[in-house]
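Q: I am new to this structure and would like a close look at one part of it. Could you take me through a helix and the pieces around it, step by step?

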Amino acid sequence: MAGATQGTGRVNFPFPYTPYSIQEDFMAKLYSVLEAGKVGIFESPTGTGKSLSLICGALSWLRDFEEKKKQEEARVLADERNGQDKQQQLTSCSTEASNCQRSTAELDWITEFIQKKEERDMVDKLKEKEIRRKKREDRLEKIRHNVQLKYASKRKRLEDDETRRLLQLSKEILSTELGSDVLEQLDHEEEELILTEYESEEETKVRSGLDEDDDDDDDLEEEHVTKIYYCSRTHSQLAQFVHEVQKSPFGEEIRLVSLGSRQNLCVNEEVRRLGAVQLINDRCMEMQKNKHGQKSEGEETEGKKRRVSRAVCPFYSYEQMQFLRDEVLVKVKDIEQLVALGRETKACPYYGSRYAIPAAQLVVLPYQMLLHESTRCASGIKLKDQVVIIDEAHNLVDTITCIYSTEISGSQLCCAHSQLLQYVERYRKRLKAKNLMYIKQILYLLERFVSVLGGNVNQNPNTQSVSPTGTELKSINDFLFQSQIDNINLFKVQRYCEKSLISRKLFGFAERYGATTVVKTNRENQKMAGLQNFLLALHPGPHKESAVQCPPVETEDGQLKMASPLMQIEGFLSALTNANQDGRVILNRQGTVAQSSLKFLLLNPAVHFAKVLQECRAVIIAGGTMQPVSDFREQLLSCAVGADKVVEFSCGHVIPPDNILPIILCSGPSNQQLEFTYQKRDLPQMMDELGRILGNLCSVVPGGVVCFFPSYEYEKQVYVHWERTGLLTRLANKKKIFQEPKRANQVDQVLAEYAKCIKHCSQGGGPVTGALLFSVVGGKMSEGINFSDDLGRCVAMVGMPYPNIKSPELQEKMAYLDKTMPRAVGQPPSKMLIENLCMKAVNQSIGRAIRHQKDYASILLLDHRYARPSVFSKLPQWIKDRTEIKPAFGLAFAALSKVSTTFPSNISLMCEINFVVRTKMEGMSDRMVL
């Protein structure tokens, strides 16, 4: 592989084929931003090879950086050796001179001593680092070329499996012979539900006596090398990126590790069957805790019957995870290959991949794992002086906002209170004072939350009516005062929930006893029966369909069980620890307490993203459609980095200028001005004019036409109107009509039938020339699906899809921006936010058409408001440069006809296959988890 060498002012980048000029410009700008340690906003349209440009540009910089670092370290070590030789020669002279000047130069001597000590420490550190690096490279090289090591490891795994099988067989024989032990085992399972003694951080001291497994874990840790963290939105996008790395010139040399959630990486079927993300996380952590707790508990006294040990994960093995870690670093693997390797090696892919992070040069991970601080820390991700690349970042602001926003319903609050109260009644005598104190605080918090919604926690939330209904917004402090919980330290409560795993214990308790079993305690039967009746009211049988239940989780046999709602409530408690000005609490009172909810809305995502910016050496925010970029500058970057540290780069498309025809259409065939505002779009003449436009389009555009509506409701309204007027029938005579379904599981079928129809029409030569697809902006088909070639020869955008400004969340966000952001020339920040949200959605939708160099399509923006300078400027540069504003329909129709006759029809079988593959991959692994 040719190296990236500095030539005459440019870097020569290794590339699998001759790159486009825009790719060379992209890589050169990326290299310079990383070298300067800045923040870059990069826009490269889909179909221009953005992924390969990111890979080759960033990894070329990383290799050059590492080479420079090695050379500098070698120079320092060489200077140190030369300095030692000179020091020996000058020892006698320096000693005599120092004796003469000791009284007058005491301070200089101390300063010089400190400086030399720092230099020696740095040299020692470099030596240690060099030894560790050499040791790691030798180990990986040995694994890469020595097949016998793999066979030896496999043989040891088979022996371990046989040992476990024999041990299990012995246990089964003993349990058959000693039937009395069964009751003991059941009792011991209940022991796992009891909270262990809790110590706060202030009380916890560093203990010197660590068990063997802790030492093993430390051995797996290494010093972090300089690396690049690459994150994207979905697991299928990450898998696609990894495959691009494998095909690149760096595929054989780079040390890459793919990270994912436990839900994606767990190979323990017992844990996987829990289904819910939080349950899997809690169960996994509990099993690790059991593993570390076994040795500290010690052996039971002699003569006493031994109880069955607590469940531990058989895949959490130091030796096997060490082997998996090295295998991951030796050869590039995606998530699916990593899981397959974990099953083969009987090692946990989740922890094994985490142990590979320090030595990895490229870490591939989902958005949430990097952007959520606690998840980042728990995963062992250290951003200090590292590089972060965030791809598909057009919705980065919304992603951060959603990650740190949370909502809980009144039924969840009441359910959690009931479960926790019964848990305390059952195990009161077994719980330590510290546990009882925190549980009492949590119960009080739940009571106050229900009270602020207008209900009583001791009554059925389904029958408690709420008055007055409506939505109320509060600052965090106002909500704490109104709820009368301002005297409780939420930081400590949050820490307790995290460390004690109380939500997991509560889930096990509810799972064990269910909603219909009376839990026997030493308390008065009447009191317990009352609590049990209340829980029955929360979880009635099928005859009470209106009752609210706790969140369901699918079990191994396909049935549903109830998860503890306390898991979600913990997220709300964590959100309340944000700064007062950075968020709002929304009290949504609707009908009954069960239907009401509390929601935390994050207003300032920059405060969370600032931590990433401050730690990293450089941050790259990339995407196919990044316009308008003002959102990134003002809502994410302004509070952490100066304007001079932000670099913007936008490249054109690889298609010829004639292959795309963007048109802003101001009026229709009957000269009706196109203005699909909320007040005018319902007019019959406006809907009729839209129908006439589409009728003319279908007459001249071959293949597929995709029409985006601003909402499902308006699409349905127009469809019904056209049915009544007969216009829909006339359209169906030219193109077969498809509608985007609301249900996600129906999208694949609609897309398959749409593509099949277009292919059939191109070969049949009948009156129907293709298909017309009605889609919705922000819906299932406006992002992530490619309408390339004949699947999308024309994309029409009906009106401007402004968000609902009556939404309380949006109104609060607008007020926040007006208060905190400087006013732009001509319009307030709130108006810019609305316009930016609209144009971001438009840009994502119209970018579906052009997907590769030889593709062609027309884009129609059906509203005269697109011609306004403030709106027009927010279109992607490669579209804006070629956009024509047509005041009359006749001019636009002539241009469309010319395009249709210039280019031949072309059905790409690949594009038909693309969305099927995408769907399968996303259906398998596109779960957004923390």
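A: Here is a walk around helix H19 and its partners, followed by a few other spots to look at.

Please keep in mind that this is a predicted model. Let us start with H19 itself, which covers residues 433-452 and packs against helix H24, residues 566-575. Two packed helices are described by the angle between their axes and the distance between the axes. For H19 and H24 the angle is about 80° and the axes are 12 Å apart. An angle from 65 to 115 degrees counts as roughly perpendicular, so H19 is roughly perpendicular to H24.

Which residues of H19 and H24 meet? From H19 come Ile442, Leu445, Leu446 and Phe449, and from H24 come Leu566, Ile569, Phe572 and Leu573. Sorted by class, this contact has 8 nonpolar residues, with no polar and no charged ones. While you look at the helices, here is a handy rule: an α-helix has 3.6 residues a turn, so residues three or four places apart point the same way.

H19 has another partner, helix H20, which spans residues 476-483. H19 and H20 pack at an angle of about 100°, with 9 Å between their axes. That angle makes H19 roughly perpendicular to H20. Here Arg448, Phe449 and Val452 of H19 meet Phe479, Gln482 and Ser483 of H20. The classes in this contact are 3 nonpolar, 2 polar and 1 charged residues. Notice Phe449: this residue of H19 meets H24, and Phe449 is also listed in the contact with H20.

Now follow the chain onward from H19. In the loop between H19 and strand E9 (470-475) you will find Pro468. The peptide bond joining Ser467 and Pro468 is cis, with omega about -5°. Further along, the loop between H20 and helix H21 (490-500) holds Gln484. Gln484 is not a glycine, yet its phi is positive, at about 60°. Is Gln484 buried or exposed? With 45% relative accessibility, Gln484 counts as partly exposed.

Other parts of the model show similar details. Pro628 sits in the loop between strand E14 (618-623) and helix H26, and the peptide bond from Gln627 to Pro628 is cis, with omega near -5°. H26 itself, residues 630-637, is mostly covered, with 6 of its 8 residues buried. Among these buried residues are Phe632, Leu636 and Leu637. Lys840 lies over the face of Phe632, 5.4 Å from the ring centre.

Asn671 is another residue other than glycine with a positive phi, near 65°. Asn671 belongs to the loop between strand E16 (660-665) and helix H27 (684-700), and Asn671 is exposed, with a relative accessible area of 61%.

To finish, take a look at the aromatic rings. The structure holds 22 aromatic pairs. In one of them, the rings of Phe15 and Tyr17 have centres 5.1 Å apart and planes at 85°, so this pair is edge-to-face. Phe15 counts as buried at 14% relative accessibility, whereas Tyr17 is partly exposed at 39%. Elsewhere, Phe709, Tyr714, Tyr719, Trp722 and Phe774 form one aromatic cluster. The charged end of Arg681 sits over the ring of Tyr714, 4.8 Å from its centre.

Methods
Residues are numbered from 1 along each chain as its sequence is written. This is a predicted model: local features need pLDDT of at least 70, side-chain atom pairs count only at pLDDT 80 or more; totals for chains, interfaces and linings use all residues. Side-chain values use heavy atoms; hydrogens and water are left out. Rings of Phe, Tyr and Trp (its six-membered ring) pair if their centres lie within 6.5 Å; planes under 30 degrees apart count as stacked, over 60 as edge-to-face and the rest as tilted. Buried means under 20% relative accessible area, exposed over 50%, partly exposed in between (1.4 Å probe, protein chains only). A charge sits over a ring if NZ of Lys or CZ of Arg is within 6 Å of the ring centre and within 35 degrees of the ring normal. Axes are lines fitted to C-alpha atoms, for helices over the stretch in contact, and angles run from 0 to 180 degrees between N-to-C directions. Helices (H or I, at least four residues) and strands (E, at least two) are DSSP runs, numbered from the N terminus. Angles under 35 degrees count as roughly parallel, over 145 as roughly antiparallel, 65 to 115 as roughly perpendicular and the rest as oblique. Contact means heavy atoms within 4.5 Å. Ala, Val, Leu, Ile, Met, Phe, Trp, Tyr, Cys and Pro count as nonpolar, Asp, Glu, Lys and Arg as charged, and the others, Gly among them, as polar.
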